[in-house]
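Subject: A structure for you to explore

Hello,

Here is the structure I promised to pass on. Please open it beside this email, and then read on for what turned up in it.

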Amino acid sequence: IGMLIAVGLLTSASNEVLVLVQQRGGERGGAPRGGGGGGLANKAPDLPAGAFTAGSTVARTNLRHEWVDIPLGNVKLHTWIEYPDGDGKAPIVIVMQHEAGLDDWTRALADQLALQGYIAIAPDILSGFGPKGGNFDSFQYPDDPIKAMARLKPDEAMRRYKAARDYGMKLPRASGKSAALGVGKGGADAFRFAAEAPDLNA
């Protein structure tokens, strides 16, 4: 559902983006092209991974991806970036986190966006909120990032997402178009982000 929303918003902003989605959607992925997905072990090629396939999707992706640390005051915003196939320009999409933080499911959503032709940028907005100033990966238990997310002030979350977008817009492959996408808390953040970043395309 989240992917359909993202595509719908971006296509309303530009016919060029619509063509990009149609041409590149589902070119590569963790599941065989012949399979329709479904069940607990299979991922549908043209849909984001679910809870049972997210980890394997992230582990098996063939797309270029990297971790970067974006300077932001006294914090380094640990950020996952995944690129679409090829060397052409592409819109960027800021992937906003749900209550559980930057988990495998969020990164698998970034992978699906990259498969469909977008540069997916997923900042760990809990950077520095972990034990001993660590990031999401420093939390010991699944509910720890949920508790940390409750301590993160909304204004600070927006500041971190804006820093990620500013960084993404300067990437050599960035086309100059940008969007925000989220589920749960990330969905609410995406609406606020659109209000505070008027030059956002979707």
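The charged end of Arg107 sits over the ring of Trp80, 4.6 Å from the ring's centre. "Over" has a strict sense here: NZ of Lys or CZ of Arg must be within 6 Å of the ring centre and within 35 degrees of the ring normal. Arg64 does likewise with Tyr83, its charged end lying 4.2 Å from the centre of that ring.

Before you go further, please note that this is a predicted model, where local features need pLDDT of at least 70, side-chain atom pairs count only at pLDDT 80 or more, and totals for chains, interfaces and linings use all residues. Residues are numbered from 1 along each chain as its sequence is written, and side-chain values use heavy atoms, leaving out hydrogens and water.

Now to the rings. How many aromatic pairs are there? The count comes to three, where rings of Phe, Tyr and Trp (its six-membered ring) pair if their centres lie within 6.5 Å; planes under 30 degrees apart are stacked, over 60 edge-to-face, and the rest tilted. One of them joins Trp67 and Trp80 edge-to-face, at 5.1 Å centre to centre with 70° between the planes. Trp67 belongs to strand 1 (residues 65-72) and Trp80 to strand 2 (residues 75-82), 13 residues apart. Helices (H or I, at least four residues) and strands (E, at least two) are DSSP runs, numbered from the N terminus.

Are these two tryptophans buried or exposed? Trp67 is partly exposed, with a relative accessible area of 38%, while Trp80 is buried at 4%. Buried means under 20% relative accessible area, exposed over 50%, and partly exposed in between (1.4 Å probe, protein chains only).

Tyr161 and Phe193 have ring centres 6.5 Å apart and planes at 75°, so this pair is edge-to-face. Tyr161 is in helix 6 (residues 154-169) and Phe193 in helix 7 (residues 185-196), with their positions 32 residues apart in the chain. Tyr161 is buried at 0% relative accessible area, and Phe193 is buried at 0% as well.

Both residues also turn up among those with the most contacts inside the largest nonpolar core, which has 30 residues. Such a core is a set of buried Ala, Val, Leu, Ile, Met, Phe, Trp, Tyr and Cys residues joined through side-chain atoms within 4.5 Å. Which element gives the largest share of this core? Helix 6 does, with five residues. Apart from this core lies another of 17 residues, including Leu102 and Ala202.

Helix 7 deserves a look of its own. Its 12 residues should span 16 Å, and its end C-alpha atoms are 17 Å apart, which agrees; the expected span is 1.5 Å times one less than the number of residues. Buried residues in helix 7 include Lys185, Asp189 and Phe193. The buried residues of this helix pack against strand 3, helix 5, helix 6 and strand 5. Leaving aside neighbours within four places in sequence, Phe193 has contacts (heavy atoms within 4.5 Å) with residues including Met96, Met158 and Leu200.

Two more places to find on your screen:

- Leu181 lies in strand 5 (residues 174-182) and is buried at 4%. Leu181 and Ile94 are 87 residues apart in sequence, with 6.2 Å from C-alpha to C-alpha.
- Lys132 is in the loop between strand 4 and helix 5. Lys132 has a positive phi of about 55° although it is not a glycine, and at 90% relative accessibility it is exposed.

Enjoy exploring!
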